[in-house]
Amino acid sequence: MKWITKNKIDFICCTFIVLIYYINKRFLIKNCEGVIGYFFKCYLNDLIAPIWILALSSIILKQFGYELKKLWIIILIGLFSGLIWEFIVPLIKTTSVTDPYDLCCYIIGTIIYCGIKNIINYR
């Protein structure tokens, strides 16, 4: 359990994102309508995915003695993951589609993760 205390913020981020994903899949998509329902169905997962990917990457990198600190590396990982899901996966999985708004959500999610890390590191 030492790795949890060593990666407390990233562990909390991963756990919180899994919880949001579960709530979205089980309740929000089914019970919300209109613009909000459309957001939950089409964009929320793309918004939270980079937060989970970056937090998990940070946990893994810390196990090897590296730390995910540099803003340009964080942005690169977030952008790269969005590009993979929006342009490479639709070539493999025929039910997936490329949506530029999804890529915007990945960028916003990456910015949110950077904000979380900056607020915690600023303390």
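# Questions on a predicted helical chain

Modeller: The chain carries 13 positive and 7 negative side chains, with the centres of the two sets 13 Å apart. This is a predicted model.

Biologist: How many helices and how many strands does the chain have?

Modeller: Along the chain from the N terminus, the elements read α-α-α-α-α-α. The C-alpha trace that holds them spans about 40 × 30 × 25 Å along its principal axes. The count is 6 helices and 0 strands.

Biologist: What share of the residues in the chain is buried?

Modeller: A residue is counted as buried when its relative accessible area is under 20%. The accessible surface of the chain is about 8,600 Å², and carbon and sulfur atoms account for 72% of it. Of the 123 residues, the buried share is 33%.

Biologist: Of the contacts between residues at least 6 apart in sequence, what percentage joins residues at least 24 apart?

Modeller: One pair separated along the chain is Ile-120 and Ile-9, 111 residues apart, with C-alpha atoms 7.9 Å from each other. Ile-120 belongs to helix α6. For the contacts you ask about, the figure is 67%.

Biologist: Which helix gives the most residues to the largest nonpolar core?

Modeller: The largest nonpolar core has 17 residues, and Leu-44, Ile-51, Leu-54, Ala-55, Ile-74 and Tyr-113 have the most contacts inside it. At least two residues of this core come from each of α2 (8-31), α4 (44-63) and α6 (100-122). With 7 residues, the helix that gives the most is α4.

Biologist: Which residues does Ile-51 touch, leaving out those up to four places away in sequence?

Modeller: Ile-51 is one of the residues with the most contacts inside the largest nonpolar core. Contact here means heavy atoms within 4.5 Å. With sequence neighbours up to four places away left out, Ile-51 touches Cys-13, Ile-17, Gly-109, Ile-112 and Tyr-113.

Biologist: Is Ile-112 buried, exposed or partly exposed?

Modeller: Ile-112 lies in helix α6 and touches Leu-47 and Ile-51, apart from residues up to four places away in sequence. Its C-alpha is 19 Å from that of Asn-24, a residue 88 places away along the chain. Because the relative accessible area of Ile-112 is 35%, the residue is partly exposed.

Biologist: Is Asp-46 buried or exposed?

Modeller: Asp-46 is placed in helix α4. The C-alpha of Asp-46 is 7.8 Å from that of Gly-109, with 63 residues of sequence separation. The relative accessibility of Asp-46 is 13%, so this residue counts as buried.

Biologist: Which residues are in contact with Asp-46, leaving aside neighbours within four places in sequence?

Modeller: Asp-46 sits in helix α4, and the contact criterion is heavy atoms within 4.5 Å. Once neighbours within four places in sequence are set aside, the contacts of Asp-46 are Glu-86, Asp-102, Cys-105 and Tyr-106.

Biologist: Is Val-35 buried or exposed?

Modeller: Val-35 is part of helix α3, residues 34-42. Between Val-35 and Cys-104, 69 residues apart in sequence, the C-alpha distance is 17 Å. Because its relative accessibility is 71%, Val-35 counts as exposed.

Biologist: Why does Cys-14 not form a bond with the closest cysteine sulfur?

Modeller: Cys-14 counts as buried, at 10% relative accessibility. A disulfide requires two cysteine sulfur atoms within 2.5 Å. The closest cysteine sulfur to that of Cys-14 is in Cys-13, and it is too far for a bond because the distance is 7.1 Å.

Biologist: What is the distance from the sulfur of Cys-114 to the closest cysteine sulfur?

Modeller: Cys-114 is buried as well, with 7% relative accessibility. The closest cysteine sulfur to that of Cys-114 is in Cys-13, and it is too far for a bond because the distance is 11 Å.

Biologist: How many disulfides does a search of the whole structure find?

Modeller: The sulfur atoms of Cys-14 and Cys-13 are too far from each other for a bond. The sulfur of Cys-114 is also too far from that of Cys-13. Over the whole structure, the number of disulfides found is 0.

Technical notes:
Residues are numbered from 1 along each chain as its sequence is written. This is a predicted model: local features need pLDDT of at least 70, side-chain atom pairs count only at pLDDT 80 or more; totals for chains, interfaces and linings use all residues. Side-chain values use heavy atoms; hydrogens and water are left out. A nonpolar core is a set of buried Ala, Val, Leu, Ile, Met, Phe, Trp, Tyr and Cys residues joined through side-chain atoms within 4.5 Å. Buried means under 20% relative accessible area, exposed over 50%, partly exposed in between (1.4 Å probe, protein chains only). Helices (H or I, at least four residues) and strands (E, at least two) are DSSP runs, numbered from the N terminus. Accessible areas come from the Shrake-Rupley method with a 1.4 Å probe; for residues, only the protein chains shown count as cover. Lys and Arg count as positive and Asp and Glu as negative; His and the chain ends are not counted. The place of a charge is taken as NZ of Lys, CZ of Arg, CG of Asp or CD of Glu.
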